[in-house]
Amino acid sequence: MEKLDLYKCSVCGNIVQIIINGGGELICCGKPMEKLEAKTFEESLTEKHVPVITSFENGDCEIRVGEILHPMTQEHYIPFIQTISKDKNNVQLKFLHPGEEPKMYLHKISEKLYAREYCNLHGLWEGNND
Ligand SMILES: [Fe+2]
């Protein structure tokens with residue numbers, strides 16, 4: 001278990017994140033929670049999930065899900081995008097809702113970062129700005 005790992009309860013669907021790692025086991029609904037492992041490349045899904053990070057000359061950057069914008073319907077959507085600096089000291093979280101565009105903007109970014117997004121049907125995905 002590491003700082004910023006995400007865990008999900010397979011019974012109720014709770015998703016939690018490790019802020020400080022105390023080392024104990026996470027239990028929800030009477031069962032150990034499952035660590036969400038991020039996928040980094042698309043398999044055969046029609047929808048695209050890997051976050052695409054675009055940096056602009058003024059230092060701002062845009063994170064979009066994904067190469068072709070992911071659907072944002074009630075049944076299938078992206079509830080959040082998170083960016084994490086490589087040293088894990090700077091974290092931003094944006095919650096999204098059906099009908100919104102699955103995008104996030106950051107201002108004046110000079111550091112290397114990676115972005116994660118969660119799809120309610122297809123799980124956790126990750127991309128970086130290397
Ligand atoms: Fe999806």
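The largest nonpolar core, a nonpolar core being a set of buried Ala, Val, Leu, Ile, Met, Phe, Trp, Tyr and Cys residues joined through C-beta atoms within 7 Å, has 14 residues in this predicted model, and those with the most contacts inside it are Ile63, Ile78, Ile81, Ala115 and Cys119. Burial is defined here by 20 or more other C-beta atoms within 10 Å of a residue's own, exposure by 12 or fewer, and partial exposure by the values in between, with C-beta atoms placed from the backbone. Strand 7 (61-65) and strand 11 each supply at least two residues of this core, and the most is given by strand 11, with five residues; strands (E, at least two residues) are DSSP runs numbered from the N terminus. Ile81 touches Pro51, Ile63, Val65, Lys94, Leu96, Met104, Ala115 and Glu117, residues up to four places away in sequence not being counted, where contact requires C-beta atoms, placed from the backbone, to lie within 7 Å.

Four strands form an open antiparallel sheet in the order 9-8-11-12, two strands being paired if DSSP finds at least two bridges between them. Its edges are strand 9 (91-95) and strand 12 (123-128), each of which pairs on one side only. On average, neighbouring strands of this sheet are turned by 15° against each other, direction ignored, as judged from axes that are lines fitted to C-alpha atoms, with angles running from 0 to 180 degrees between N-to-C directions. Strand 8 (residues 80-85) and strand 11 (residues 113-119) run antiparallel and are joined by six bridges, and Ser85 has Leu113 in strand 11 as its bridge partner.

Several backbone features lie in loops. Most residues other than glycine have a negative phi, and most peptide bonds are trans. The peptide bond from Val65 to Gly66 is cis, with omega near -20°, and Gly66 is placed in the loop between strand 7 and strand 8. Cys29, in the loop between strand 3 (27-28) and strand 4 (31-32), has a positive phi near 50° and is exposed, with 11 other C-beta atoms within 10 Å. Lys108, which lies in the loop between strand 10 (103-106) and strand 11, likewise has a positive phi, of about 50°, and is exposed, with 8 other C-beta atoms within 10 Å.

Residues are numbered from 1 along each chain as its sequence is written. Because the model is predicted, local features need pLDDT of at least 70 and side-chain atom pairs count only at pLDDT 80 or more, whereas totals for chains, interfaces and linings use all residues.

Definitions and conventions. Contact = placed C-beta atoms within 7 Å.
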